[in-house]
Amino acid sequence: SSPSAAGQKRARNDATGNKVTVVLGAQWGDEGKGKVVDLLATEADIICRCQGGNNAGHTVVVDGKEYDFHLLPSGIINTKGISLIGNGVVIHLPGLFEEGDKNEKKGLKGWEKRLIVSDRAHLVFDFHQVVDGLQETERQAQEGKNIGTTKKGIGPAYSSKASRIGLRVCDLLGDFNDFSTRFKNLVHNYQSMYPSLTVDVDDQLKKLKDFAERLRPMVRDGVYYMYEALHGPPKKILVEGANAALLDIDFGTYPFVTSSNCTVGGVCTGLGIPPLNIGDVFGVSKAYTTRVGIGAFPTEQLNAVGELLQTRGHEVGVTTGRKRRCGWLDLVILRYAHMINGFTAIALTKLDILDVLDEIKVGVAYKLSGKRIPHFPANMDILHKVEVEYETFPGWKTDTSAARKWNDLPAKAQSYIRFIENHIGVPIKWVGVGKSRECMIQMF
């Protein structure tokens, strides 16, 4: 819009444009982000993914149907919205189309017409997935432990990207001869590192050529698309984070992390938008803590409590089918996630899983040789050594799954929630007490 009079300075807010709402995991993943996104996606015009790949696993239940999403933004269910896969995402094309087709059989119609893919996104190839498996085996042999990756090729694809040898969507859609040469070079590159790696290059290229044509109608310049969306008429834009704060390549429990930034900075770099256009940042946390794979987990309960949380919470990975490790809510990690992300509000999920407990503990601080430490340790050896200081609450011993508003919750559950809120210093906007859409109590 042009300034109303010559030489008059344009109002700042007019220049800002629309703001995006961000939903991020505040723990080690599997917090129920899909449900929060699903709730907000019904209103959204554009739903974006900005990092990760099909190592994410989001389950969304609509009208009794369960959809599983890995690479598609879970907002793809919204027939009125556009779903966007940003440049920061690494895309395994066979996985993308298989996922779309599988969900289509469950009733997801017209998803290909609602999907936009950034031409700057990097590609994950089948051999990246093979290499992922080989690296895990190698780690197991050398260090006696692996990272516990999903073996979806995400790490190797981001490695190719950082090594400047990766191939992008725009390369696949350009001159195919040129692409083929670069693909062959990439394969040779990996074969020199992993002599046991065999790749049927011709077969791969044939498949990729077919995928290219199916993908072509969906591809746009993501930066330009987002710019137009932010500066056009008012729009509700939602960004769905994958993985979580403690799995972030920079801020997570390295090396037991994913290979992208799953904190708020990943939104700007993964979509090509300025920080000024970031609005609400919603953190999602369970009412307890879970972790999949290995790595430090201070509040882990290797006892009957942990077992109860695992069985009652059906804590099994959507992507891997692995049993998740369970423990008490850890407010040290939530405060740390808030320091990095600046949450404007929090969604607390799966409160109902705690319904049967006599007492409930919450980790409030870490101690090293008896002294509280004010920060979350970067060093894993130190994190393994910390002693957790707990606050203990009486259980409410009441079924909360039918609660639909704040006043339906038992007083003891209310004080548990208020304690969390006050300790982190972030308001809790939603409390989840079950699987379906109706089970998210909105507080304000």
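How many aromatic pairs does the count come to? The count is 17 aromatic pairs, in a model that is predicted. Several of these pairs and their surroundings serve below as a route through the chain.

The overall division comes from a domain assignment, which gives domain 1 as 20-119 + 221-442 and domain 2 as 122-218. Taken over C-alpha atoms, the centres of domain 1 and domain 2 are separated by 28 Å. Across the boundary, 32 residues of domain 1 are in contact with 27 residues of domain 2.

Helix α3 covers residues 93-105 and contains 13 residues. From first C-alpha to last, α3 reaches 18 Å, close to the 18 Å expected at 1.5 Å a residue. The buried residues in α3 are Leu93, Gly95, Leu96, Phe97, Glu99, Gly100 and Asn103. An α-helix has 3.6 residues a turn, so residues three or four places apart point the same way. Just after α3, Gly107 has a positive phi of about 120°.

Phe97 also takes part in aromatic pairing. Of the 17 aromatic pairs, one joins the rings of Phe97 and Trp111, whose centres are 6.3 Å apart. Their planes meet at 50°, so the pair is classed as tilted; edge-to-face would need an angle over 60 degrees. This pair links distant parts of the chain, with Phe97 in helix α3 and Trp111 in the loop between α3 and β7 (115-118), 14 residues apart. Both Phe97 and Trp111 are buried.

A second pair, Phe282 with Trp430, is edge-to-face, at 5.0 Å centre to centre and 90° between the planes. Here Phe282 belongs to strand β11 (residues 278-286) and Trp430 to strand β19 (residues 428-432), and the two are 148 residues apart. Phe282 is buried, as is Trp430. Trp430 has a charged partner too: Lys429 lies over the face of its ring, at 5.5 Å from the ring centre. A comparable arrangement involves Arg418, which lies over the face of Trp406 at 4.3 Å from the ring centre. Elsewhere, one aromatic cluster is formed by Phe125, Phe127, Phe176, Phe179, Phe183 and Tyr190.

The next stop is an annotated segment. An unreviewed UniProt entry places the feature "binding site" at Val318, Thr319, Thr320, Gly321, Arg322, Lys323 and Arg324. Within this set, Gly321 is in the loop between α11 (304-312) and β13 (325-327), and Lys323 lies in the loop between α11 and β13 as well. Is Lys323 buried or exposed? Lys323 has a relative accessible area of 62%, and because the cut-off for exposed is over 50%, Lys323 counts as exposed. Lys323 nevertheless has contacts beyond its neighbours within four places in sequence, namely with Val292, Gln310, Glu315 and Val316.

Ile424 provides a contrasting case. Ile424 lies in helix α14 (residues 411-424), and its relative accessibility is 7%. Buried means under 20%, so Ile424 falls in that class. Which residues does Ile424 touch, not counting those up to four places away in sequence? They are Leu331, Leu334, Arg335, His338 and Ile346. Relative to the annotated segment, the C-alpha atoms of Ile424 and Gly321 are separated by 32 Å, and the two residues are 103 residues apart along the chain.

How values were computed
Residues are numbered from 1 along each chain as its sequence is written. This is a predicted model: local features need pLDDT of at least 70, side-chain atom pairs count only at pLDDT 80 or more; totals for chains, interfaces and linings use all residues. Side-chain values use heavy atoms; hydrogens and water are left out. Helices (H or I, at least four residues) and strands (E, at least two) are DSSP runs, numbered from the N terminus. The expected span of a helix is 1.5 Å times one less than its number of residues. Buried means under 20% relative accessible area, exposed over 50%, partly exposed in between (1.4 Å probe, protein chains only). UniProt positions are given in the numbering used here, feature names are shortened, and annotations may be inferred rather than shown by experiment. Contact means heavy atoms within 4.5 Å. Rings of Phe, Tyr and Trp (its six-membered ring) pair if their centres lie within 6.5 Å; planes under 30 degrees apart count as stacked, over 60 as edge-to-face and the rest as tilted. A charge sits over a ring if NZ of Lys or CZ of Arg is within 6 Å of the ring centre and within 35 degrees of the ring normal. Domain bounds come from an automatic or database domain assignment.
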